[in-house]
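I opened this notebook to keep track of what I looked up. The entries follow the order in which I checked things.

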Amino acid sequence: AVDAHVDQHLWQHLIGPTGLLKDKTRILVTHGIHHLEHVDQIVVLKDGSINEVGDYQHLMDSHGAFYQLIKDFSATHKRKNNKHTSSSTRQHLRDLLHGKKDTTKDGIERVASSVSNIDMDNSLSDSEGDSSERNTIVEEAAIKKTDDATVNKDDSGELIEDEKMEEGKVGWQIVLSYARAASYRNALLCIVLFALAQACHIGTNFWLRYWISDSEARERDGQEPRPASHYLIGYAWLVVLYMCLDVVVHYTAQVICGIRASRIIYDQLLTRVLRLPMSFFDVTPMGRILNRFSSDISAIDSQLPWEWKDLFKFASIIVGTLFVIAYSTPIFLFAIPPLVLVYYWIQDYFIKSSSSLKRLYSVSKSPLYQHFSETLTGVSTIRVTKGLREQFVHENDERVDMIVNRFTVYNYDSQWLTIRLESLGAIIIFIASTLAVFYAGDLDPSLVGLALSYALNIMVSINCLVITASEVQNVLVSVERMEEYSQKPTEAPIETGVRLPENWPSEGRVVFKNYSTRYREGLDLVIKN
């Protein structure tokens with residue numbers, strides 16, 4: 001009592017002459033006849049007793065009850081089989097009738113074989129079957145292809161659907177989806193707090209410069225120097241303000257935004273999965289669902305808040321550094337646009353490959369989870385069956401190797417980025433130093449020193465920014481995968497707008513009128529009218 005493709009799989013890999021049980025004695029109780037010619041001995045039961053015993057050819061030569069069964073089955077089912085002749089053969093004949101030509105030698109042989117096969121099949125059926133079958137293709141040729149414009153939701157009807165994987169960079173809609181889960185107000189608050197914190201950090205360095213320049217100016221003008229406490233108090237206030245802003249911004253980004261976004265995304269996924277139709281679970285391995293509830297939600301919980309915090313942090317540092325360098329040497333502003341374009345090109349080129357590799361890495365975990373779950377379920381059978389233990393260990397090793405290989409390639413991609421970013425960072429330092437030397441007579445030495453100190457650190461900051469931006473894109477793949485399941489259509493709502501009478505049901509019976517149903521979209525109807 002299994003589907004046809006499951007029956008074929010069990011016969012080939014378990015019960016049949018090439019299956020796992022080929023060296024064992026198998027007793028097959030069946031009402032089907034399609035495997036009987038491959039068995040060693042057939043026992044025919046009729047009216048509660050054994051009617052015939054022998055192999056397939058012996059029983060056919062005897063012309064007994066078994067022979068009559070095979071003959072009756074062939075006569076009644078041949079017309080059905082003719083209607084379902086191999087799709088490639090029938091489609092090729094349709095193409096010829098519709099004017100599509102195939103002038104190759106192989107094409108001629110295929111036509112001859114197709115016609116021959118159909119003629120042989122038709123010769124086994126009655127005259128009525130011949131007439132209806134011969135007219136089938138001709139009638140189809142006369143019908144207009146109006147169904148070409150229709151789209152089948154699931155024309156494959158596969159038992160297990162392939163896991164969907166996006167291509168290219170993660171779209172802005174996924175970023176907005178995460179920001180919406182964290183709330184736009186909290187996201188904007190984080191950006192403002194990071195900007196204020198970086199302004200206080202730069203302000204401390206400018207205050208130190210003011211301390212030096214003001215002391216030198218008073219000494220040069222013969223004025224009484226200010227007490228050190230005056231400068232220290234101002235510096236301390238800036239440091240305390242920076243520390244407070246840093247604590248608040250970290251708390252807001254990681255605790256408020258991170259936990260809120262993760263909880264909302266998880267709740268949406270859980271609510272949607274619990275309301276998905278049974279057809280979804282029929283074609284989706286449990287490992288894919290577990291992967292989203294374990295690996296993906298873990299990345300959103302623990303990695304994404306840190307990556308967003310680092311992204312805002314390094315972005316504010318770089319903007320502040322460029323401001324300091326441009327303020328000290330304004331000519332440096334002309335070098336910023338080409339540098340920004342080069343950095344953007346490198347980052348865009350890297351993120352495309354990095355996001356795809358991250359998706360491959362995430363998708364490769366599902367088969368491992370599914371295989372491990374299946375192994376645990378059937379561990380008792382695996383232990384007692386010869387050869388199965390080594391087979392399952394080998395399959396598990398192959399899945400682990402696939403995950404490790406994809407993760408290794410992902411790391412190599414990061415090394416490619418590091419080399420190019422460090423080279424561009426060195427170019428920025430060279431430009432800032434060269435401009436400071438050429439315009440040494442027109443620049444404030446304290447400002448030049450401050451600009452060069454920032455320029456020396458900008459290489460690390462830019463490197464971290466691009467890597468963090470790519471990491472944000474990669475972790476957003478988990479949000480993308482969660483969003484995929486959160487957007488799937490659910491079953492009918494728990495409550496509808498239909499109001500039932502208070503005494504419903506008034507009778508203990510259910511009536512079906514013109515009712516048709518199928519297991520899921522894309523499959524044939526199993527109940528027709």
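Entry 1, cysteines. I took a disulfide to be a pair of cysteine sulfur atoms within 2.5 Å. The model is predicted, so I kept its limits in mind: local features need pLDDT of at least 70, side-chain atom pairs count only at pLDDT 80 or more, and totals for chains, interfaces and linings use all residues. Residues are numbered from 1 along each chain as its sequence is written, and side-chain values use heavy atoms, with hydrogens and water left out.

How many disulfides does a search of the whole structure find? It finds zero. I then asked why Cys-190 has no bond to the closest cysteine sulfur. That sulfur, in Cys-257, is 3.8 Å from the sulfur of Cys-190, which is too far for a bond. For Cys-244, also in no disulfide, I found the nearest cysteine sulfur 9.6 Å away, in Cys-200.

I looked up accessibility too, with buried meaning under 20% relative accessible area, exposed over 50%, and partly exposed in between (1.4 Å probe, protein chains only). Cys-190 is buried at 2%, and Cys-244 is partly exposed at 44%.

Entry 2, helix 7. Helices (H or I, at least four residues) and strands (E, at least two) are DSSP runs, numbered from the N terminus. Axes are lines fitted to C-alpha atoms, for helices over the stretch in contact, and angles run from 0 to 180 degrees between N-to-C directions.

I found helix 7 (residues 172–182) packed against helix 9 (residues 228–274) at about 110°, the axes being 7 Å apart. That makes the two roughly perpendicular, a label for angles of 65 to 115 degrees. Contact means heavy atoms within 4.5 Å. On the helix 7 side I listed Tyr-178, Ala-181 and Ala-182; among their partners in helix 9 are Cys-257, Arg-260 and Ile-264. By class this contact has seven nonpolar, one polar and one charged residues. Here Ala, Val, Leu, Ile, Met, Phe, Trp, Tyr, Cys and Pro count as nonpolar, Asp, Glu, Lys and Arg as charged, and the others, Gly among them, as polar.

Next I checked helix 7 against helix 16 (residues 445–486), where the axes come within 10 Å and cross at roughly 85°. Helix 7 is therefore roughly perpendicular to helix 16 as well. Ile-174, Val-175, Ser-177 and Tyr-178 meet Leu-476, Val-479, Glu-480 and Glu-483 of helix 16. I counted five nonpolar, one polar and two charged residues in the contact of helix 7 with helix 16.

Entry 3, single residues. Where is Gln-198? I found Gln-198 in helix 8 (residues 184–221), buried at 9% relative accessibility. Leaving aside neighbours within four places in sequence, Gln-198 is in contact with Ser-316 and Ile-317.

Pro-17 sits in the loop between helix 1 (4–15) and strand 1 (42–46). Its C-alpha is 8.2 Å from that of Val-39, 22 residues away in sequence.

Entry 4, the segment after helix 16. Pro-505 lies there, and a cis peptide bond with omega of about -5° joins Trp-504 to Pro-505. Asn-514 is in this segment too, and has a positive phi near 50° without being a glycine. Asn-514 is exposed at 66%. Asn-529, also in the segment after helix 16, has a positive phi of about 50° and is exposed at 69%.

Technical notes: Angles under 35 degrees count as roughly parallel, over 145 as roughly antiparallel, 65 to 115 as roughly perpendicular and the rest as oblique.
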